[in-house]
Amino acid sequence: MAGMEALYAAQFLVNARTAQHQFEVAELEAQEQRRQANLQATINNKLAYNAHLNLNEQQTLELKKLGFDKFELHKSIRSEKAKVEAIAASFGGTFGQQGQSYDATLMNISRHGYNALARKDFNYKILKSDFLTRHKNIQLETESKNNQAFSGLSTGGSIAGTGLQIAGSAINTAVAYKTGIK
């Protein structure tokens, strides 16, 4: 009879050790999943950082170009007015060409020039808004990818579940032992 008791005790120990091993494996798998998710999030964050840097460089170049365009438009307005004034002065007389026609020509040059400046400013606002949206999109895309990396991670082994599994094994072994004695 002592041999049978040892067999039942061994069966219980094997079942208990199996439950403990399953718990340890689940913990190791969960730890590896978390490590991989953190690694992926780090990569995603680095990619986002580089995307923001690139977008900042593009924005800087565009804004410099728009600043240069503004300077060129002011220069063009002054140049056109100077041409008209030179032509008007060449008509002779005490003061050269004067009057409403001359004033209307200068006003027309100014109007066209300032309309071009207004369009440039409007384009600047649109461009600035576009860059802000692109920065937000990079950030949202990174957050989404990081969320994907962390969703579905295992929580690891369950201490309560392992304890219940061992207790159930003890009960099953005791019932089998009692049944075996009869």
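**A predicted chain, question by question**

Me: How much of the chain is buried?
Reply: Keep in mind that this is a predicted model. For a residue to count as buried here, its relative accessible area has to be under 20%. Out of the 182 residues in the chain, the share that is buried comes to 19%.

Me: What is the mean pLDDT of the chain?
Reply: You can start with the residues that reach 70 or more, which make up 92% of the chain. Averaged over the chain, pLDDT comes to 85.

Me: Which helix has the highest mean pLDDT?
Reply: Among the elements, helix H3 (residues 159-181) sits lowest, with a mean of 82. At the other end, with a mean of 88, is helix H2 (residues 100-150).

Me: What pattern does the chain follow along the sequence?
Reply: Let's count the elements: there are three helices and zero strands. Reading along the sequence, you get α-α-α.

Me: What is the radius of gyration of the chain, and what would a compact globule have?
Reply: First look at the box that the C-alpha atoms fill, roughly 140 × 20 × 15 Å along the principal axes. A compact globule of 182 residues would come out near 16 Å. The chain, on the other hand, has a radius of gyration of 41 Å.

Me: How far apart are the end C-alpha atoms of H2?
Reply: H2 has 51 residues, and at 1.5 Å a residue they should span 75 Å. The model agrees with that, as the end C-alpha atoms are separated by 74 Å.

Me: Which residue with a positive phi follows H2?
Reply: Go just past the helix and check the backbone angle phi, which is near 80° there. The residue with that positive value is glycine 152.

Me: How far apart are the C-alpha atoms of leucine 140 and glycine 157?
Reply: Leucine 140 lies in helix H2, and it counts as exposed because its relative accessibility is 53%. Glycine 157 is 17 residues away along the chain. In space, C-alpha to C-alpha, the two are separated by 33 Å.

Me: What is the distance in space between phenylalanine 12 and asparagine 44?
Reply: Phenylalanine 12 has its place in helix H1 and is partly exposed, at 24% relative accessible area. Asparagine 44 is 32 residues from phenylalanine 12 in sequence. From C-alpha to C-alpha, the gap is 48 Å.

Me: Is alanine 19 buried or exposed?
Reply: Alanine 19 is another residue of helix H1. Its relative accessible area is 0%. Anything under 20% falls in one class, so alanine 19 is buried.

Me: Which residues form the nonpolar patch on the surface?
Reply: One member, leucine 47, is found in helix H1 (residues 2-90) and is exposed, since its relative accessible area is 52%. Together the members of the patch have about 260 Å² of accessible area. They are Leu39, Ile43 and Leu47.

Me: How many salt bridges are there in the count?
Reply: Side chains of opposite charge can pair when their charged atoms come close. The cut-off used here is a Lys or Arg side-chain nitrogen within 4 Å of an Asp or Glu carboxyl oxygen. With that rule, the count of salt bridges is eight.

Me: Which side chain does arginine 35 meet in a salt bridge?
Reply: Look about one helical turn away in helix H1, because the two residues are three apart. Both are partly exposed, arginine 35 at 46% relative accessibility and its partner at 36%. The N to O distance is 2.9 Å, and the partner is glutamate 32.

Me: Which residue forms a salt bridge with glutamate 62?
Reply: This pair also lies in helix H1, three residues apart, or about one turn. Glutamate 62 is partly exposed at 27%, and so is its partner at 44%. With the closest N and O atoms 3.5 Å apart, that partner is lysine 65.

Me: Is lysine 120 buried or exposed?
Reply: Lysine 120 meets aspartate 121 in a salt bridge, at 2.7 Å from N to O. Aspartate 121 counts as partly exposed, at 32% relative accessibility. Lysine 120 has 9%, so it counts as buried.

Notes: Residues numbered from 1 in each chain as written. Heavy atoms only, no water. pLDDT = per-residue confidence, 0-100. Helix = DSSP H or I, 4+ residues; strand = E, 2+ residues; numbered from the N terminus. Expected span 1.5 Å × (residues − 1). Patch = residues over 30% accessible without salt bridge, like charges linked within 9 Å, V, L, I, M, F, W, Y side chains within 5 Å. Areas by Shrake-Rupley, 256 points an atom, 1.4 Å probe, with all protein chains shown as cover. Buried < 20%, exposed > 50% of the residue type's maximum accessible area, 1.4 Å probe, protein only. Rg over C-alpha atoms; globule rule 2.2 N^0.38 Å.
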